[in-house]
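Please look over the sequence and the 3D structure below. The report that follows walks through the fold, the rings, a pocket and a few single residues.

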Amino acid sequence: MDGYDGNTGEGEIEGIKALQDESIADYTVNEENYEEQQAYLNICAEEAAIKQLTASTSSDPQEVDKRSIFVGNVDWSATTQELKNHFAGCGAINRVTILCDKMTGRPKGFAYVEFVDESSVSNGITLQGSILRGRLLKVMPKRTNIPAFFLKRGRPTRRPRVRTFPTYGHYPYHPYK
């Protein structure tokens, strides 16, 4: 019968029982950590809800612009974390964006800081002229961009010239009649 001798060894049965005991012990340890795991999951759920709330409020660009500041003369090697730390005293920060050149990938030298509430913007503006990485920062409220499509540029439009002939009395004058 190809490898089966009809009796199972006592060592195999003991090994199976030991595996069962280990799995039961793991189960009890998991029960003890259940409360800790639930607390951690609740914290994660709250953080996700806050992120979703801020994402839903940031859908209107004008509202986001009211809560944001422009930071100019930023050093190229500055990171978003450094800017967060620099403006942390002004209020809760939603995000920091450092704009980069599309072609080279290098930073352009300015950034936008979006706060959670509008009152933090005035606190952020007070950091005008502060120094970050040896450079004076230019801080001002972010302006709302108006697309060029809606702006009237170039030469003013003229009304088309209508060619008229002089009239003599009721009938128009035609020089070649």
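In what order do the elements of the protein run from the N terminus on? They run α-α-α-β-α-β-β-α-β-β-β-β-β. That gives five helices and eight strands. Keep in mind that this is a predicted model.

How much of the protein counts as buried? Of its 177 residues, 15% do.

**The largest pocket**

The largest pocket holds about 200 Å³ of space. Which residues line this pocket? The lining is made of Asp65, Phe70, Tyr112, Met140, Pro141, Lys142, Arg143, Thr144 and Asn145. By residue type, the lining has four nonpolar, two polar and three charged residues.

Two of the lining residues, Asp65 and Arg143, deserve a look as a pair. They stand 78 residues apart in sequence. In space, their C-alpha atoms are 6.5 Å apart. Where is Arg143 placed? Find it in the loop between strand E6 (138–141) and strand E7 (167–168). Is Arg143 buried or exposed? Arg143 is exposed, because its relative accessible area is 65% and the cut-off for exposed is over 50%.

**Rings and a charge**

A pair of aromatic rings is described by the distance of the centres and the angle of the planes. How many aromatic pairs does the count give here? The count comes to three. One of them joins Phe110 and Tyr112. Their ring centres are 6.2 Å apart, and the planes meet at 85°. This pair is edge-to-face, because the angle is over 60 degrees.

Ring pairs also link Phe70, Phe110 and Tyr112 into a cluster. Phe70 and Tyr112 have already appeared above, in the lining of the largest pocket. Both partners of the edge-to-face pair are partly exposed: Phe110 has a relative accessible area of 24%, and Tyr112 has 24% as well.

Which residue lies over the face of Tyr112? Lys142 does, at 4.6 Å from the ring centre. Lys142 also belongs to the pocket lining.

**Two loop residues with positive phi**

Now turn to the backbone. Asn73 is not a glycine, yet its phi is positive, about 60°. Asn73 sits in the loop between strand E1 (68–72) and helix H4 (80–87). Arg133 is another residue other than glycine with a positive phi, near 55°. Its loop runs between strand E4 (131–132) and strand E5 (135–136). Asn73 is partly exposed, at 28% relative accessibility. Arg133 is partly exposed too, at 43%.

**Cysteines**

A disulfide is a covalent bond between the sulfur atoms of two cysteines. How many disulfides does a search of the whole structure find? The search finds zero. Is Cys90 buried or exposed? Cys90 counts as buried, because its relative accessibility is 9% and the cut-off for buried is under 20%. Cys100, at 41%, counts as partly exposed.

**Accessibility at a glance**

The table gathers some residues met above.

| Residue | Relative accessibility | Class |
|---|---|---|
| Cys90 | 9% | buried |
| Phe110 | 24% | partly exposed |
| Tyr112 | 24% | partly exposed |
| Asn73 | 28% | partly exposed |
| Cys100 | 41% | partly exposed |
| Arg133 | 43% | partly exposed |
| Arg143 | 65% | exposed |

Technical notes:
Residues are numbered from 1 along each chain as its sequence is written. This is a predicted model: local features need pLDDT of at least 70, side-chain atom pairs count only at pLDDT 80 or more; totals for chains, interfaces and linings use all residues. Side-chain values use heavy atoms; hydrogens and water are left out. On a 1 Å grid over the protein atoms alone, a cavity is a set of points where a 1.4 Å probe fits but cannot get out, and a pocket is an open set with protein on both sides within 12 Å along at least five of seven lines; lining residues have an atom within 4 Å of a point. Grid points are joined across faces, edges and corners, and a volume is the space filled by probe spheres set on the points. Ala, Val, Leu, Ile, Met, Phe, Trp, Tyr, Cys and Pro count as nonpolar, Asp, Glu, Lys and Arg as charged, and the others, Gly among them, as polar. A disulfide is a pair of cysteine sulfur atoms within 2.5 Å. Buried means under 20% relative accessible area, exposed over 50%, partly exposed in between (1.4 Å probe, protein chains only). Rings of Phe, Tyr and Trp (its six-membered ring) pair if their centres lie within 6.5 Å; planes under 30 degrees apart count as stacked, over 60 as edge-to-face and the rest as tilted. A charge sits over a ring if NZ of Lys or CZ of Arg is within 6 Å of the ring centre and within 35 degrees of the ring normal. Helices (H or I, at least four residues) and strands (E, at least two) are DSSP runs, numbered from the N terminus.
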